[in-house]
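Please open the model in your viewer and keep the selection panel at hand. The tour goes from enclosed space to strand pairing.

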Amino acid sequence: MALQYTQAQKEYIHLTQEFGDRYLTPEIIKKYDKEGNCPRSLFEPAINLGLHMLEIPEEYGGAGLSYEDSALVFEKLAEYDAGYALTLITSFVALRCVLMAGTKEQAQKFANVIKPGHFAAFTMSEADAGSDAGSVKATAVRNNNEYILNGNKAFATNGGLADIFIGIFRTSDNGNHGLSAFMIDKNTPGIWIGKHEDKMGLRLSNTVPIGFKNVHVPVENLIGKEGRGINIALSSLNLSRAYVSTLTVGIMQRALNEAAKYANEREQFNQPIVQFESVQNMLADMATSVETARLLVNNTMKMMDKNLSVRQEGAMTKLFVTDIAQKVTSDAVQILGGYGYTRAYPVEKLMRDVKGFQILEGTNEIQRMTIAREVSKKYQF
Amino acid sequence: MKIAVIIKAGLEHLQTYTSYKNKVTYHPENLFLSTEDKSALEYALQLIEVKGGLIDAYSFEQGEVADRILHEAMALGANTATKIVTGDLKDPMQQNYLVKKLIQYLKNEGKKYDLIITGYSSFSQFAAIIADKLKMNYYDQLTNIDVNFNYEMKLEKGILKGQCELPMVITNLSSINTPRLANFSAVKKAINSKITEVSFKKLNKQKVSQIKVETEKSEKMIFNLDNDPDATSKLITLLERNGIMR
Amino acid sequence: MAPTYYIQLEDKNIPEGNDSNTLFGLKYNFKSNKNVLVFSNHASEIKEKYEHSGMPTTIYNSENYSIANFASVLKTLKEKFAFKESYLIIFDSSNIGNSLGARLAAMLDTSFVANAENIQECDNNICVDKKIGKTEGSYKISLESKAIISTACNGTLEDEKNDVKIINLTLNYKSNIKYISEKNSNNDLAYAKVVVAGGKGLNSAENFKPLQILATKLNASLGATKAVTDQGWVDESKMIGISNLKIAPQVYYAFGISGAVQHTIGMNKSRYVIAVNTDASAPIFKLADYGIIGDANLVIKQLNNLL
């Protein structure tokens, strides 16, 4: 392994492995992947372990693990199922907005909701506002000491599972600078959760449209200042970008494990196929991709732990890791051949899961835009 | 209740010992608490939940393995952790000496236990020595035991059932229960907790057994009777030579 | 080399505590003065069995003896060995054997090596190997002049006559430990260390007679495939496979068995598999460590002649 694990990291990863072996068996994952959902009860054991609060600071009741350590935990968890792991880390995306821009009371209130075992969702995207986050149309109109929210959000991860949302709404017509972030309790009247998306992959992750019709939220629920919505969202996304890359590394590692195991067992032309150079080349490339991806994620996590800006590094990590993951998982299916193409074997799911990571948390095209902008600052073009 | 759990690393990894040019290397990187010891600890925790008390965890493993398994034990609920850094408890030739030293240490520290438990392995006979020297009852290879001390020991064709009495020393199999999992906060706390380190006077070299590594080569030999009319007698010779047929 | 003493338990009510394979195999496995000590509650019935091991035997007998009575065995052995200068006491590598061995070693202040292998003479001592769990490592242990081990080996009746002495044991310890047998405990096949099995390739019920003779010669239990028991050639309690018995003997001989999955699931955990079949591509040969491509009935006949 290129990455030199600390002793503590080995212990955290080992606990995650024991958890995954016990609760996320291949049969269970296959079943829910086929159904396209994950019952809340499957998250109970994860909540008992504290996986829903892993990186939340101890003062708010979390385990307070560093980004570096918790990323390794989620990488291991993603080997079992990335959609399941994504559900657990999505609460962080939302919480991070509050931690970075909100008051201590807001952060405490938010943490108190999640602690007993509930989830949070972050909702910004709309039908006409994906990469172009600035064209968010859903409105938040100030009325005395509350805001009234109206509009329809799309592709909200954890939307159907969450008890608390962070939503980005338009408070003024100022384009990008007219957006604000709000903390919204799920039980507020006027919220309806739409139909669960029938996705290609990451099917254990809950993805729904959310409708807001005259939803009243108290003015205390505004996070930061009006007009700061996009900055808050992007600051949080800067961190979570690199974070979801760790899930992709987990998928790649699983793909490598399955492919190597199969190649040793499957015999054609009187020998295990692992003896053939073409298979060895694929495995060599896969292993190199996994190791480099993991190191890149680890380094970005270290920067985040030092509170350094990762606007560029986060985008680069996400771009690099999710792009090479496509080939790694595709090669895994290739090595398993005909059997790999069927649902009886776990590798086709890995290919389906990994495609989603080129799209969510900012498409890779947007990542390139971000990186180019940072590079241009340095080389002045 | 005062309970001591003697914990050990699991021995499932093929590559734990490797050899190169006659030098044997020990690889501790992938060793964690054994499943039997996890069940032992789980039983101790269940007893404490019902009867109250404290659990002390002891390890005779070396280096990073000792710290790791003690962290696991503490994360699960052991109250204290002590590692003994002398000797190899798995070596049958060292067990008498190490147990004698352990008992002396416990006496000096004023530690007296109602129950001493360790997971069963083909090296756990040191538990019998502890029971003999401390005059405690000994129940070994238990396949089942409950908090009321009803136990079962599985033999080849049946089960022995009985009742244990305190004070006792137990070795158990992993079938006695399904151990709980720790949570991350507890692991983090355990990583930062104190482990007491104890060392004894070193055993002299004569009394230490050597470790060797033998990759198990599976021999395969299929004769053809048509080509080789003596196949049957050759087979017999081969089987006798390998101790398979006598 | 120190004199060795092999301990066996013979309880007429409980079919545990003794291993005839090791009993007959010990004589040939290493050189030293060998003795057998038996604890029993029906000495007169088992006397004959122990008259052919080739090792002088003492049977400690009491009507009240039971396998669950560890204390009586340990007390007797402690008294016998407490003042001996050198000895090697051998127990079976079974749960009982390992339990008794550990306890006795603790009482006598010697070491106990469970599941010892490769017992040899090295310099002036006996040394043994002991595997370290499932790793590839093993200890090379040089035993002291007083040592206790447990082991297992293969052997068959060679018919060497030896003395058997019966000593009366006074028991005043009563245990309240109960023994409960398992479902298949009456079926020898389920626990046999060596199994000789026949399949459709033997062609007729008649051909199972020489197979039974071979089984007796090898001190093995007879087994069969479903195809054979369905035909009524062999009793269905002897069927090995997914619908009846799953066994894991040390040695499994498969005669005229093709090795279909329904059968191999019942025996693929055997330590050594020896297969005889006319069909070189039969799946059983994938599992087999040794074998012969040829007519099973012919090979059985040859084996019976040669052994």
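How do the residues of the lining of the largest cavity divide into nonpolar, polar and charged? In this predicted model, that lining consists of seven nonpolar, two polar and five charged residues.

To see where this comes from, begin with the whole structure, in which a search finds ten cavities of 30 Å³ or more. The largest cavity has a volume of about 140 Å³, and 14 residues line it. Select A:L15, A:E18, B:E72, B:A182 and B:V187, which are the lining residues closest to the centre of this cavity. Then display α1 (7–23) of chain A and α2 (63–76) of chain B, since these are the elements that each give two or more residues to the lining of the largest cavity.

Next, turn to the sheet. Select β12 of chain B, followed by β8, β7 and β6 of chain C: in that order these four strands form an open sheet, and their pairing is antiparallel. At the edges you will find β12 (210–213) of chain B and β6 (117–122) of chain C, each of which has a single partner strand, so that one side of each is left without a neighbour in the sheet. If you look across the strands of this sheet, neighbouring ones are turned by 25° against each other on average, with direction ignored.

Finally, restrict the view to β7 (residues 125–131) and β8 (residues 137–142) of chain C, which pair in the antiparallel sense over five bridges. As a last selection, pick C:V128, and opposite this residue, in β8 of chain C, you will find C:I141.

Conventions:
Residues numbered from 1 in each chain as written. Chains lettered and ligands numbered in written order. Predicted model: local features only at pLDDT ≥ 70, side-chain atom pairs only at ≥ 80, totals over all residues. Heavy atoms only, no water. 1 Å grid on protein atoms, 1.4 Å probe; cavity = no way out; pocket = protein on both sides within 12 Å on 5 of 7 lines; lining within 4 Å. Points joined across faces, edges and corners; volume = space filled by probe spheres on them. Nonpolar A, V, L, I, M, F, W, Y, C, P; charged D, E, K, R; others polar. Pairing = 2+ DSSP bridges. Axes fitted to C-alpha atoms, helices over the stretch in contact; angles between N-to-C directions.
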